[in-house]
Amino acid sequence: MRRVSLLGLPTDQHSSFLRGAAKAPPAIREALYSSHSHLTATNGLMLDAESLRDLGDAPLREDVEDFERMVEAAGQAFAAGPAVMLGGDHAVTYPILVGVAAAGIAPPQIVHIDAHSDLYEDFEGDPLSHASPFARIMENGLAAGIVQLGIRTPNAHLTAQAKRYGVKVFAPHEHEAGLAALPTGPTYISIDLDGLDPAFAPGVSHHEPGGLTTREVLEVIWKTPGPVVGGDIVELNPDRDVNGMTAVLAAKLLKELVARISTDATASWG
Ligand SMILES: [Mn+2]
């Protein structure tokens, strides 16, 4: 059994519209460990001390030094093996991938679920914006490629950025083609909860109707060829949630993602 590390990154200082995502890690843990359900994933793997190592939250302060704090914490987690990170907003994915590289891991493929392609050169003057992480990742050579699923807010700049970086972008109505384009080789799965339809995930800052279903996202977790070596679940905003249902969704996706990664790592990393 290969253990997967879990690390919270409670930050939303680079959010462009609403704050709140920094409150997500404790809300997701509370939903995960709630007695409303159990800790066994759909493949039979149970999240326990043998399969999951919870590192708690990185000590972030919402200042400029948080970037290096996240690089260091993510790097330490990945140096020990596969890991899943809890945002925070989507700005965390860039420092996480810097940490992956610092841990000596070759640039992975990225499967990115989101309503937004997050490829802005900068957003409102902030190159570290939660709308820009995948531009930073590609220009710094931190990923071997990106396949984006659920994308439904294209504009001329984002379309040009996707072309510039060779990012494969699929809208919800193109989801079958997206599944067929999933990469092979070591893969990092980044899940922005607003990639799902707001009907499934109301507790996000940016409601964008017309999104993916829970089952479509679970299918991505299990059908990505892999091996899946890590991932993140970001953009839960507990202030916008309805009866904690988006926190429960995040906990469900976390459970399945950890099970997928642990299973792959047990098979391929020894
Ligand atoms: Mn998004």
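This report describes the overall fold of a predicted model and the packing of one pair of its helices.

## Overall fold

The protein chain contains eight helices and eight strands. Its C-alpha trace spans about 45 × 40 × 40 Å along the principal axes.

The radius of gyration of the protein chain is 16 Å, which agrees with the value near 18 Å for a compact globule of 270 residues. Of the 270 residues in the protein chain, 54% are buried. Among contacts with a separation of 6 or more, 78% join residues that are 24 or more positions apart in the protein chain.

## Packing of α2 and α3

Two packed helices are described by the angle between their axes and the distance between the axes. For helix α2 (residues 66-79) and helix α3 (residues 93-102), the angle is about 45° and the axes are 7 Å apart. Helix α2 is therefore oblique to α3, since an angle counts as oblique when it is neither under 35 degrees, nor 65 to 115, nor over 145. The crossing of α2 past α3 is right-handed.

## Residues at the helix contact

On the α2 side, the contact is formed by Phe67, Met70, Val71, Ala74, Gly75 and Phe78. On the α3 side, Pro95, Ile96, Val98, Gly99, Val100 and Ala102 meet them. By class, ten residues in this contact of α2 with α3 are nonpolar and two are polar, with no charged residues. Gly75 in α2 and Gly99 in α3 belong to the contact, and Gly counts as polar.

Notes: Residues numbered from 1 in each chain as written. Predicted model: local features only at pLDDT ≥ 70, side-chain atom pairs only at ≥ 80, totals over all residues. Helix = DSSP H or I, 4+ residues; strand = E, 2+ residues; numbered from the N terminus. Rg over C-alpha atoms; globule rule 2.2 N^0.38 Å. Buried ≥ 20, exposed ≤ 12 C-beta atoms within 10 Å, placed from the backbone. Contact = placed C-beta atoms within 7 Å. Axes fitted to C-alpha atoms, helices over the stretch in contact; angles between N-to-C directions. Left-handed = near helix turned anticlockwise from the far one by under 90°.
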